[in-house]
Structure formats: C-alpha cells, structure tokens
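Let's take a walk through this structure together, one step at a time. Have the sequence and the 3D view ready, and follow along as we go.

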Amino acid sequence: MSYLELNDVSKDFGAASVLKDINLSVEKGEFVAIVGFSGAGKTTLISLIAGLLKPSGGTMKLNDLEITAPGPDRGIVFQNYSLLPWLSVFENILLAVDSVNPNWSADKKKAHVEKYIAMVNLTPARDKKPGELSGGMRQRVSVARALAMDPQILLLDEPLSALDALTRATLQDEISRIWSEDKKTVVLITNDPDEGIYLADRIIPLTAGPGATLGPSFKVEIPRPRDRKSINHDPHFKQLRREIVEFMLNSKQDRHTAITRKLILPDIEPEDLNIPRSMTGWRKTPIRKSELKEESVEVKP
Amino acid sequence: MKSFKLDWLVLPLIGVAAVLVLWQISCASWAKDLPTPEKTWQVSKPYIVEPFAKRGEMDQGILRFTWYSLILVAKGYALALIIGTPIGFFLGLSKTFTKIFDPLIQVLRPVSPLAWLPLGLVLFTSAGKNASELGALFTIAICSMWPTVMNTAVGVRAIPQDYLNVAKVLKLSRTKTLFKVLIPATLPYMFTGFRLSLGIAWLVIVAAEMLTGQPGVGGFLWQEYNSLIYEHIILCIVTIGVVGFILDRLMSVVEKKFKTA
C-alpha cells in the first residue's frame, strides 16, 4: 500500500475534461516530480491532492485516509507564494503553526517558527512584510510556512517558475538540502524537466491537455547529493531528459484541432484620383460592402 | 504655466480673488439682496473672532455651532459604520443574502435625506423631547451607510482566491479567517467606503438641522435666513465647506495608512 494513492481520478470543468485516468502512487519519503506543459492541468492535479478541488471521479487516499477537504497534513507551496501581505514573515508562519498546534505554549510556537525561518535563511528578514521581499525570498517564506506545519506530504506547485534562473538554481539547491534533512514525501509540479531530474527520485510526465493523463514514470538513478555542474554531463541525465522530452512532445503531436473562424474582408479600394472630389472631400457611401467569409485553420498545439 | 516659488499659495488665492470679484459685481448688478463681501465680513466678524461665545440658544460662535454639528455627525456616522460594515460583509460573503437584500438596498440608496427625515421624526415621536435629535441621527445613519455597505461588499468579493486557499489549507477557524484574512484583505475598500460615508454624513447634517431646528451650523443657517440676516448664510456655507474639506483630508490620511495590500 502506497502512501499517497490516486485511482482513476478525473476532473471536468463543465463539458471540458481536464484530467482523466490519473493513477499515481507515491511511497513514503519519496520525491516525485510531475512534469507537464503549461495549461495541461498541473495546478488542477495538485489542487485535487490538496483537497481544494473535488474530483469528478475516482478516489484519492493519503495514508489510507480518503482526501475530502484541505488540511494541514498536506503542506502546499503555491506558485504565486500566497503570503498574506499584511502579516510579517514571522506572523505568516506563526499563523500556520498556530492552527496546527493550538495547544503549544507561546514560547514553543515562537521557537518553532524561528527554527523554520532559519532553515530557509531568512532570519534577517523575520519582521519584514512580504511586499518588502524579493520573489525568491517570498517563495522561501512560503516553503518555510509549509514545512513548519510539519505536514505528512509536501505539495510544491511550480514553486520556482516565477523566479529568475539564478534564484531558481539557489532555491533548487535549498529544496534539495531541506529534503535531505527532513525526508518528507514530496510531490513537485514543474514545467522544467531538468529541475525534476535534479531534485526528484521519480519523474512522471503529464501529457498535453485537454483530458491530460500521467505517462509512465521515469526513475532517476543519479546518486545524491547531486552536483549541478557535473550532472549536465552525466549520460543517465542526458538520456532521461531526452526520453522525457520525447514522450511529452509525442503526446502533443497527435492532437490536431481545427478552428473555424469568421473573417471580414473590409471594403478597401484604391482611390481614383481622376474622379473629382466632392465638396466634403469624402465619398458618401461605400461602393462595395464588406465581405463575410469563413476559414478553417488547423491548430498544432 | 511654469511653476514658481509659492505657487501653491498664490494660485489658489487668485481663484479666491476671482470669485470675490464676481461676487462684488453680482451684488452691484443683478442680485440686489446679496450682501457684499465686505458687509458679510463685518456682520460675521463677532461670530468668527469669538468662535466659542454663547449669547443665546441660536446666537453662538461659529465654532461652537460647528462643534454641535460635528457631535451629531459623529454619532450618526458611528451608527452607520456599526450597521453598514456587517451588512457589507454579509452581502460580500453570501450570494443568497445578496439576492434577498440587494434590490432593497438599490432602491433605498438614492433616497434623499430630506425624504428620510420626516420618517425619522415619525419613528421617534414617542421619544418626546429627543425626537428631533433621534430623527436626525436616523437620517444621517441611513443616508451615509450605503457607500460603506457597497464598498465593503465589493472588497469582500474582491479578496483574491489565493488568500482564501491559504485559509482553507491552514484550516483556520471561522473567527480566525474573519480577523486574519477577510477583514485585513477588505480594509482598503472599507476605508474608501468610510471616507465617502463621512462626506455624505456631513452633507446630511445641514438638511437634518434645518428641518429639526437643532442648534448647529445648519440650524443657524436656516434661522438666519428666516430672520433675513443673509450675511450669516454665507458664513455658514463657507464653514460647512471648510469643515467638510478638513474631514475628507483627515479620512484620506487614515485611508492611506491602511492601503497595505
């Protein structure tokens, strides 16, 4: 029995099917990365696991308990940080700690919060508001908040996609370090296969939507700690990346949609300068009416 | 025009001077009953140089009248906020509540204070001596409430889904969600509503005092009109305008302080 278990989960929004036949099982302490195109339904998938959305079909279990509503046993790091801007870094994390451990003494809560602020190297920014922090720092607060709740599983929803490449690399290292200290079960959603390979034990591609589903999982057998510089030359890394990218592109290829759209061919004619102008200088009525046409366009995703 | 030193002072003075000139011309030409600026100043002087004098019920210094008006406004305004803010929250949070009460609110909103006041007086006839004050309070509250109600409702509806998701994921209790997420996220909108409400409350006070004969700037204005001292009407108008302006400025300072989000 796996730790996190999704069986035939599907999600429709009205008539549009976003996810279908999602089967996923994650072992305790495993780091799984789900790689997909933007708009494929990655965020929908993580919202389902978080309990923020209800699936249209199928079952989801965490530690043998059905997932029905959001709860602090699943810590989420959102793509857009989702910090409360009127609370300081400390207060944002305290709010989470407070709701998970309401019975702790004030000192214990404070020490707990400070431990996690230190873990993400933000002690100097402890009393700053999110608005005064850079994107990378905000995302670290968000990570610290999720970890401070001591969740059973950590859900990372494209946590680094809004950051610049250098900050992203630093934060990847940091996530890798924290994970190796904590050994939490992690599900990382990302659009960057390299990021997935660098961080995860297993990579599962999500095919292109609509009706996206999970592909076969690729095991990453690069020993930890992984080194960012040498990993690029690792033959296993190169092969994995090629396989994953190939799989994802193939999943996209057999989707062709045609859109019919209406066109209006406007009434444009060259001006004949031989015709004497009227007093107003402008022709009163168009000679030819705008023409309506339809065209069909093949769209390659 | 190029800006120069002291332009912030000189340019508005030019505007004032232009109005004074126009006023003087009007006095001399078509509005024979209109007191001249100079006469207005002479007649109003005792009320301005001794702003807190009390010579009789309806013969007091202008700041004393203003003070009475401000107290009445403060009471009515406080009432409006206490009632209006929760209504706004319910409107923002519950679709059913909106469907039930929104049409009613839309109908009541444009009703003039002059129309509410008689109803207020009727409502509180049993209060005897206090009837006119209670009626005035009722009118101020019900007229100035709407901007607070509407802005709070809009603010609640505009709370980003992210913040609500945070509350859900952290499993915050209802009270905690209210005080840690909903209210702070709505505050900027609420204060815009409060500011607009204060403006309306100050508008209504004059009408309310005129009709009830309460001592205050508005009551004084109406009394002096009836006793044909037109200079004091102008004094009252200027006072009302200046006080309204100061109130608005004060509120905008407070408002800016809460614009965190």
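Chain B is built from 10 helices and 2 strands. Reading from the N terminus, you will meet them in the order α-α-β-β-α-α-α-α-α-α-α-α, so two helices come before the pair of strands. Along its principal axes, the C-alpha trace of chain B spans about 70 × 60 × 35 Å.

Please keep in mind that this is a predicted model. For chain B the average pLDDT is 84, and 97% of the residues score at least 70. For the complex, the predictor reports an ipTM of 0.70 and a pTM of 0.73.

Now let's divide the chain into parts. The domain assignment splits chain B into domain 1, covering 1-34, and domain 2, covering 37-258. Taken over C-alpha atoms, the centres of domain 1 and domain 2 of chain B are 31 Å apart.

A good place to look inside domain 2 is helix 5 of chain B, residues 113-123. Two packed helices are described by the angle between their axes and the distance between the axes, and that is how we will look at its partners. With which angle does helix 5 of chain B cross helix 6 of chain B? The axis of helix 5 and that of helix 6 (residues 131-157) of chain B come within 8 Å and cross at roughly 135°. Because of that angle, helix 5 of chain B is oblique to helix 6 of chain B. The crossing is right-handed.

On the helix 5 side of chain B, this contact is made by B:P113, B:W116, B:L117, B:G120, B:L121 and B:L123. Helix 6 of chain B answers with B:A131, B:S132, B:G135, B:A136, B:F138, B:T139, B:I142 and B:C143. Sorted by class, the contact between helix 5 and helix 6 of chain B has 10 nonpolar residues, 4 polar ones and no charged ones.

Helix 5 of chain B also packs with helix 8 of chain B, at an angle of about 45° and with the axes 10 Å apart. These two helices of chain B are therefore oblique to each other, and helix 5 of chain B passes helix 8 of chain B in a right-handed crossing. Here helix 5 of chain B contributes B:P113, B:L114 and B:L117, while helix 8 of chain B contributes B:V204, B:A207, B:A208 and B:L211. What classes do these residues fall into? The contact of helix 5 with helix 8 of chain B has 7 nonpolar residues, with no polar and no charged ones.

Finally, let's turn to the neighbouring chain. The contact between the chains takes 14 residues from chain B and 15 residues from chain A. On the chain B side, the elements that give two or more residues are helix 7 (161-169) and helix 8 (174-212). Helix 7 of chain B supplies the largest share, 6 residues. The chain B side that touches chain A divides into 8 nonpolar, 2 polar and 4 charged residues.

Methods. Residues are numbered from 1 along each chain as its sequence is written. Chains are lettered from A and ligands numbered from 1 in the order in which they are written. This is a predicted model: local features need pLDDT of at least 70, side-chain atom pairs count only at pLDDT 80 or more; totals for chains, interfaces and linings use all residues. Two residues are in contact if their C-beta atoms, placed from the backbone, lie within 7 Å. Helices (H or I, at least four residues) and strands (E, at least two) are DSSP runs, numbered from the N terminus. Ala, Val, Leu, Ile, Met, Phe, Trp, Tyr, Cys and Pro count as nonpolar, Asp, Glu, Lys and Arg as charged, and the others, Gly among them, as polar. Axes are lines fitted to C-alpha atoms, for helices over the stretch in contact, and angles run from 0 to 180 degrees between N-to-C directions. Angles under 35 degrees count as roughly parallel, over 145 as roughly antiparallel, 65 to 115 as roughly perpendicular and the rest as oblique. A crossing is left-handed if the near helix is turned anticlockwise from the far one by less than a right angle, and right-handed if clockwise. pLDDT is the predictor's confidence in each residue, from 0 to 100. Domain bounds come from an automatic or database domain assignment.
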